[in-house]
Amino acid sequence: MKNNNQLATAISLVSLGLSSAAWSANGELFGIDYSSSGFIRVEAAAKTVSEENPFNQRGNVFNGVTVDRNGGVNAGTLLGLNLPFSVGLPLTDTATRNGEQANNDFNFTQVRLENTLQLRFSDNWSATAKVRGIFDAAQYDEFDPNSVNSNAAGFLYGEPNYFEYDDFETGGVQNRLEVAGDNYMVDFPSLYLDYQNGPILVRAGNQQIAWGQALFFRVMDVANGLDLRRHLILDFASEEYADERISSPAIRVSYQLNASWELDMYAQAFQPTVYANPNTPYNVIASQFTVHDRYSDANEEINSGFRLKGNIGDFGLQFMYTNRYNPDGVFRWTASNVNRDAPGIPGSGLILSQTPLEIDPTGVWSAEEWFTYAGMARLDGVEGLNKLITDFPASQLLLARPVNGIDAAKEELDLFFILTGGAGSVITGNGMGGLRGHIEREYKREDIFATGFSYIFSGEPGSWLDQLILNFEVSFTPDRTFTSPDLGQDYLVEDEFISALVLEKYQRFSRSFPATYFVFQWMHRTESDLFGRHLSGMGGTINNAPTGVDAWDGLVLALQQPFPGLVWRADLSVLYDTRGGVFVQPALKWKPSGNWNIEAFYTYIDDDISSNANENIMQTFDWAEEFGLRVAYQF
Amino acid sequence: MHIKKYDTNFSRRRFMENTLKGVGAAGVLAPLWPLIANAGDVSKAYPDELLSIEMYTKGKVKPGDIITADNVEHVKELLDPIAYMHVKEMGRRIHIVEPVKDVSRIFPTEYLEATLRNQGKAVIGKDGNVYTKSGEPWIGGTPFPEPKNGVEAQYNLTLSWGRHDYSQYAVRDWDIDSSGDLSYQYDFVWTELNTTARTDGTVWKDKKDLLRYQSVFFTAPNDSAGTSFLNIWDYDQRKFPELHGYIPAFRRVRQFPTNQRFEPLVPGITLFLSDAWAAGDPLQTWGNYKIVGRQPMLGAIGSRNFHGGYHDNWEKPVHGGPKDQTFFDTYMELVPECIVVEAEPTGYARAPVGKKRVWIDARNQMYVAYVVYDRRGEMWKSFEPHYAMQDNDKMTRNDGSHPAWSWSSVHSHDIQSNRMSRFVQAKSVTGGYQSGYDPGDVDVFNKFLTIQAMQRLGG
């Protein structure tokens with residue numbers, strides 16, 4: 001727990017700021033119409049389950065768990081021979097990960113202040129500036145590297161930093177219009193100038209661009225990456241990616257060709273997806289990894305695209321092309337450059353620095369942990385080890401050799417964990433450990449072609465067909481680059497199709513209540529899951545390498561039931577992964593008066609309804625069941 | 001004085017006869033529209049009891065008086081039942097003013113000219129829509145100045161809502177809850193662009209298959225700003241409009257189903273899409289239209305209801321209700337003849353509305369009162385408009401070369417939840433958007449009435 005004083009200070013400053021009429025004002029000054037308004041919102045999510053985020057140090061499922069490490073020097077492996085029998089020298093011990101398990105009450109405790117200033121200079125020119133300030137009160141059981149004697153390299157691998165993220169070496173931010181510290185950030189989600197003249201609209205500046213009719217399923221919505229630092233994608237589901245879609249400096253030109261057709265084009269500075277930092281509540285990258293972000297190699301690149309949208313008769317049509325750097329990036333092993341000797345093995349640090357490995361207690365301690373987390377991260381624990389060895393020959397100086405099969409991999413891994421934890425454990429029986437894995441994140445260019453059509457059904461008034469809107473969207477990305485489950489230097493390159501079928505309907509069930517709004521969606525992806533992870537990494541467990549799956553399918557059912565007067569609204573959002581995972585979020589939205597807005601939502605996640613949890617996406621945040629509450633005051 | 005030979009019940013009898021016989025021509029002593037066409041003075045069409053509130057009430061109420069709970073019984077039958085309740089039970093006060101004598105002052109000039117020019121040219125086609133005798137979409141003005149049935153009367157409201165080819169209303173809304181407190185306040189802009197039924201007789205950009213483009217976009221408060229909707233109305237009144245909306249959370253314009261028209265656009269407001277101009281839905285999505293009566297009414301139709309010159313932003317003083325802020329000050333006058341039309345929402349399964357009753361001024365065919373009933377037959381809402389020629393003792397605002405005519409404010413009262421939305425057509429609202437009816441050189445279509453515009457206005 002920290003930051004209580006900072007929280008009080010922040011709230012005081014915000015209150016002071018709100019006392020100024022300047023926050024909410026409109027009028028004319030020097031011939032410019034201006035309006036300014038905003039809100040302050042307290043946002044919290046209380047945990048409703050005991051599980052902690054396993055990707056964080058203090059949620060690691062092996063913390064305090066004694067594990068047998070059965071290493072050995074295997075003659076066959078060492079000599080590169082596939083012997084019919086095992087010849088070697090066993091080396092075993094036990095190890096207990098020294099992390100202290102957290103016991104959090106909250107996943108999320110933030111205060112947000114947003115203000116929007118709009119200026120109209122003339123009939124043709126206008127400008128919008130929206131500033132967003134976030135303060136994280138960090139009411140969490142935070143990771144303390146000193147408590148586990150960690151000295152992990154990298155800016156983000158000490159005490160938690162909730163907002164800075166630039167790269168391995170430094171803090172700061174990649175977003176050009178953002179300042180951030182370890183528990184605050186201020187940015188401009190919108191800062192643009194509009195010029196509109198007849199059918200032409202030019203919008204220049206920092207902006208979000210969202211295309212497509214599908215909600216939550218991003219088929220055509222590919223212009224912007226996501227900023228996942230705040231509430232991952234687990235905030236109020238009805239808002240889709242409103243808070244996550246990351247703005248980027250861009251020039252967007254749209255031309256209304258006629259009353260039915262519009263051409264929309266953009267060119268924007270590449271801006272990658274921002275993942276939650278290690279040891280922050282919604283981190284989804286195992287914290288035994290150290291990420292070297294190579295954004296600097298792509299930060300001057302330009303993404304661009306166009307969309308043609310219109311109608312032919314009763315059919316709506318869309319055509320889209322985008323050429324972009326995929327904002328999610330791809331990952332692979334990289335040399336750690338950390339020269340830290342294993343206890344009792346002088347000179348080993350120099351060798352390790354040329355491999356992806358770094359000795360630190362925040363790393364992986366055992367083969368069991370290695371394969372458990374490989375499965376959770378949709379990686380191949382066997383081939384991942386082999387690529388670490390073959391792609392980084394220095395590792396062979398430590399007698400590491402490619403292995404054949406999971407048993408040999410475990411034997412070799414445990415040997416390494418024993419030795420790098422201090423070989424003395426062979427005598428005492430109780431070992432230490434920790435090998436961090438360094439990976440780099442690169443960005444690859446791709447072309448996306450997409451089309452979509454829509455149709456509005458007519459039917460008897462009140463029937464299910466009446467005013468039913470159907471949308472179908474499909475995209476094709478040739479030669480898309482994916483992270484290989486083995487983290488090898490050669491990425492996977494595959495053609496990918498992504499499609500979504502969307503059905504929307506207002507249906508009135510009673511005369512006293514407004515109609516219920518239904519959305520049903522089906523997404524089908526041929527190569528990756530909803531988070532972009534290649535499907536060949538699915539299905540790995542502690543006992544087997546991933547088996548892979550053929551395709552990913554997800555179903556969404558969302559409904560909104562306003563109450564009379566719209567003062568209350570009940571929502572339900574369900575995402576079902578057809579391989580046995582489900583996300584359910586019932587929510588209640590209450591607007592008791594013009595200034596106040598309250599939203600409460602409960603997030604339920606189940607990853608093992610019918611199949612291997614490592615084959616569906618829910619496992620990645622299964623631990624995040626929570627009750628969320630947002631209380632906003634607007635001014 | 002031509003009226004003395006008529007007793008006070010003469011008009012009532014004549015109205016009843018006309019209603020029963022389905023006589024379309026308005027006027028008691030003489031047909032109304034020839035008089036309007038000749039001189040605009042309709043006094044010869046009605047006896048003095050319908051031209052003077054003092055005569056009508058036998059001296060109990062006269063111009064300059066204020067209707068309060070103490071004297072409202074004298075004009076009870078001249079008010080819709082909810083307006084009567086406002087005065088009787090909620091402390092509303094209504095100022096009585098001299099009635100307008102020059103009928104041209106209750107029309108936009110161009111609209112009246114089109115009405116006169118095109119009189120007798122409208123027919124209802126086999127598909128139920130209004131055409132000229134040569135089968136073209138309507139060419140402007142009131143298609144049926146002397147409506148013979150409810151459908152014709154309703155078409156007079158439907159085809160040209162604001163009676164300008166383009167209207168842009170900067171609207172400021174206050175929502176008063178049952179305890180009389182202000183619970184919500186919104187600023188929004190409402191635009192209407194007719195492609196057919198235009199006073200200039202043209203078809204806009206050859207869009208014969210459409211009636212209008214209409215948009216509404218909210219500019220305040222913060223959580224509603226950017227919420228924008230574009231309705232594209234078919235000329236065929238059997239079809240629902242196409243609805244595109246920008247919801248700030250989605251960051252893009254999406255198409256929405258459009259058959260849910262009995263719900264507020266934003267929380268707390270009692271204005272529904274269906275309410276607009278008492279004709280917010282395509283005409284043939286309702287049915288069972290019938291004229292159920294003719295009667296005089298009190299209507300807020302005179303220029304004193306324009307508050308320009310009295311307030312920088314044309315906003316109005318308020319009074320009444322538990323916190324003395326539920327009602328605008330309104331100035332009503334005797335409307336000699338209203339056609340009372342009822343209709344039912346036959347095209348909306350499980351609609352909460354059972355029927356609507358509209359009181360339409362027979363002179364300009366514009367409604368002066370509108371009450372909605374629920375499915376049980378209980379009164380639910382009133383949507384009381386206030387109109388004005390925009391020239392009063394303080395200022396004149398022209399629409400082209402003539403003083404502008406438009407609505408000035410509305411009381412939208414849900415009496416079942418006792419929530420009042422009252423809104424004015426303001427001079428301007430947050431964002432600097434202004435009311436106006438003459439776009440001049442401004443390309444209002446691209447500025448306010450396209451999907452691209454919704455995206456831009458949304459943010």
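The radius of gyration is taken here over C-alpha atoms, and the rule for a globule is 2.2 Å times the number of residues to the power 0.38. That rule opens the account of chain B. The model is predicted.

**Chain B as a whole**

With 459 residues, a compact globule would have a radius of gyration near 23 Å. Chain B has 21 Å, which agrees. Its C-alpha trace spans about 70 × 55 × 45 Å along the principal axes. Buried residues make up 61% of chain B. The chain holds nine helices and 23 strands. Take the contacts in chain B between residues at least 6 apart in sequence: 62% of them join residues at least 24 apart.

**Domains in both chains**

Each chain is treated in turn. Chain B is divided into domain 1, residues 10–108, and domain 2, residues 150–458. Their centres, taken over C-alpha atoms, are 24 Å from each other. The contact between them draws 37 residues from domain 1 of chain B and 39 residues from domain 2 of chain B.

On the domain 1 side, several elements of chain B give two or more residues: α1 (10–21), α2 (32–38), α3 (48–51), α4 (53–56), α5 (81–90) and β2 (94–96). The largest share, five residues, comes from α5(B).

Chain A has domain 1 (39–54 + 103–329 + 443–634) and domain 2 (64–97 + 333–440). Here the C-alpha centres lie 37 Å apart. The contact takes 32 residues from domain 1 of chain A and 33 residues from domain 2 of chain A.

**Where chain A meets chain B**

The two chains also touch each other. Chain A gives 57 residues to this contact, and chain B gives 47 residues. On the chain A side, the elements with two or more residues are β1 (25–29), β2 (32–47), β5 (106–120), β8 (184–197), β10 (248–256) and β21 (492–507) of chain A. The largest share of that side, five residues, belongs to β2(A).

The table sets out three contact sides by residue class.

| Side | Nonpolar | Polar | Charged |
|---|---|---|---|
| Chain A, touching chain B | 16 residues | 26 residues | 15 residues |
| Domain 1 of chain B, touching domain 2 of chain B | 26 residues | six residues | five residues |
| Domain 1 of chain A, touching domain 2 of chain A | 14 residues | 15 residues | three residues |

**A closer look at α5(B)**

Which residues of α5(B) are buried? They are B:I82, B:A83, B:H86 and B:V87. These residues cover an arc of only 145° around the axis, which puts them on the same side of α5(B). An α-helix has 3.6 residues a turn, so residues three or four places apart point the same way.

What covers the buried residues of α5(B)? The cover includes β1 (66–67), β2, β13 (327–328), β16 (366–374), β17 (379–389) and β20 (405–414) of chain B. After α5(B) comes B:G91, with a positive phi near 80°.

**One residue of chain A**

A:L470 lies in strand β20 of chain A, residues 469–482. Is A:L470 buried or partly exposed? A residue needs 20 or more other C-beta atoms within 10 Å to be buried, and 12 or fewer to be exposed. A:L470 has 16 C-beta neighbours inside 10 Å, so A:L470 counts as partly exposed.

Leaving aside neighbours within four places in sequence, A:L470 is in contact with A:S454, A:Y455, A:F457 and A:L503. A:N103 is 367 residues from A:L470 along the chain, and their C-alpha atoms are separated by 46 Å.

Methods:
Residues are numbered from 1 along each chain as its sequence is written. Chains are lettered from A and ligands numbered from 1 in the order in which they are written. Two residues are in contact if their C-beta atoms, placed from the backbone, lie within 7 Å. Helices (H or I, at least four residues) and strands (E, at least two) are DSSP runs, numbered from the N terminus. Ala, Val, Leu, Ile, Met, Phe, Trp, Tyr, Cys and Pro count as nonpolar, Asp, Glu, Lys and Arg as charged, and the others, Gly among them, as polar. Domain bounds come from an automatic or database domain assignment. The arc is that of the directions from the helix axis to the C-beta atoms.
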